[in-house]
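Reader: Got a minute to go through this one with me? I'd like to know what stands behind the labels.

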Amino acid sequence: MLHDVSGQVPEANYDESKVVVENLPPLMLSKDKQVVTDAAQWDEHRAYLVDQLADFVYGHAPAEQVEVDCSIVSEGTLAESSVRFRQLDVKLSRGNKSCTLQVAMFLPDAGMPIRGTFLLPNFTGNHGITPDSQIRVSPIWQSIQDAKPNKNVTASDQTRGDQARRCPIEMITQRGYVLATVFYGDIDPDFDDGFENGVHALFPDYRLDADHPSRWGSIAAWAWGLSRCTDALLTQPEIAESHLAVIGHSRLGKTALWAGATDPRFSIEISNDSGCGGAALSRRNFGESIWRINTVFPHWFCDRFKQFNEDPSQLPVDQHFLIASIAPRKVYIASATEDLWADPMGEYTSGFLANSAYELLGQKGLPTQSPPSPGISVGDNIGYHLRVGKHDLLVEDWEHYLNFADRHW
Ligand code: GTR
């Protein structure tokens, strides 16, 4: 479908009238090809959906447990805002191998009731979240920069606070929420190295390769790492398992959804502009295609996903399975009007198609087949908004997420 007879890959399509969604797999068809009609069947069917998504899209993380050791490295208040922070080392060990994830927590004022926790993987290191120099620079972040030819561009002092607009810590903490964040490269550096580094290195005997095309790629590793951060966070007195949200932007929005599908401790999953391989339907030929994503980022998904590059209509799953696999927990999908690469309509449609899972459980999802006007947040157990503007995570998005959490917690 994506390629013409000469084998040329056309430019991304941005014309809605040319969109064809072929052969959409039915969400409620069980492993035995029976229609699931009884809520009592949901847990088993949900497990099947997650298994299918692991088989064909993300790959399976190893089932074996690792040792998780959490230690507090420092605590204090940020100089300019008086927000309380705590920095943790989360050491993961398996046999004689280990790796350490650095987690930064930002907490509401002492004595203020805590409403819940948002776990956010970040792109540029915890020191990118705030200009405050008390927040550590991850050695892994530093080593990734040092390996780049032009080191000046990414010196840590020039990048302190450079993601602050994506993460309004004062607003989040003043509304009673804890924000916990981790550099995604601490979990697995984001380049194709044959899965030698990051948490993959703990499992040298469990690699994604030609003989094992459904083992974990980087998105599955990032999601698994978020679960290990959660193990550690739950040792902290302010963190309640019943009130945990996972949130991510873009590739980390894909990760947040997969973390939610695989770890039911997250009761709210938030996908900000996650696009292809996230909330957007793979079959919709609009914006980024799975051919493009699997070619440019060959390490993100499992190898079996690549078998559908030429013809996504043959995929046994699509991304509405992912949204549905979160039910009956809560999920929020956000898009941006200018982020056509991520296919806002495809992101909304997955959510709408996931309604049948929520309805089976007597719950409401998204209200209408068409997305709402920009700026309006809709939906019940599935939330959605379309922000005016570009591919980004902004205060306006956070306002909707905090309102959604207020409503459900
Ligand atoms: C793009 C990629 C998207 C999205 C984005 C990001 O290049 O095509 O799928 O994940 O990167 O994560 O910033």
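Author: Sure. One definition to begin with: two strands pair if DSSP finds at least two bridges between them. Keep in mind that this is a predicted model. By that rule, there is an open sheet of nine strands in the order 1-2-3-5-4-6-7-8-9, with mixed pairing.

Reader: What makes strand 1 and strand 9 the edge strands?

Author: Strand 1 (67-77) and strand 9 (382-387) each pair on one side only. From one strand to the next, the twist averages 20°.

Reader: How do you know that strand 8 and strand 9 pair, and in which sense?

Author: Pairing takes at least two bridges. Strand 8 (residues 330-336) and strand 9 have six, in the parallel sense, so they count as paired. As for a bridge partner, Ala334 has His385 in strand 9.

Reader: Which strands does helix 7 lie across?

Author: Helix 7 lies across strand 4 (116-122), strand 6 (244-249), strand 7 (268-272) and strand 8. Its angle to strand 6 is about 150°. Angles run from 0 to 180 degrees between N-to-C directions, so the two point in largely opposite directions.

Reader: And the largest pocket: how much space lies in it, and which residues are closest to its centre?

Author: About 390 Å³. Of the 20 lining residues, Ala61, Pro62, Ala63, Trp224 and Thr262 are the closest to the centre. Helix 1 (42-58), helix 6 (218-233) and helix 7 (251-262) each give two or more residues to the lining, and helix 6 gives the most, with five.

Reader: What is the make-up of that lining?

Author: The lining of the largest pocket has 10 nonpolar, five polar and five charged residues.

How values were computed: Residues are numbered from 1 along each chain as its sequence is written. This is a predicted model: local features need pLDDT of at least 70, side-chain atom pairs count only at pLDDT 80 or more; totals for chains, interfaces and linings use all residues. Side-chain values use heavy atoms; hydrogens and water are left out. On a 1 Å grid over the protein atoms alone, a cavity is a set of points where a 1.4 Å probe fits but cannot get out, and a pocket is an open set with protein on both sides within 12 Å along at least five of seven lines; lining residues have an atom within 4 Å of a point. Grid points are joined across faces, edges and corners, and a volume is the space filled by probe spheres set on the points. Helices (H or I, at least four residues) and strands (E, at least two) are DSSP runs, numbered from the N terminus. Ala, Val, Leu, Ile, Met, Phe, Trp, Tyr, Cys and Pro count as nonpolar, Asp, Glu, Lys and Arg as charged, and the others, Gly among them, as polar. Contact means heavy atoms within 4.5 Å.
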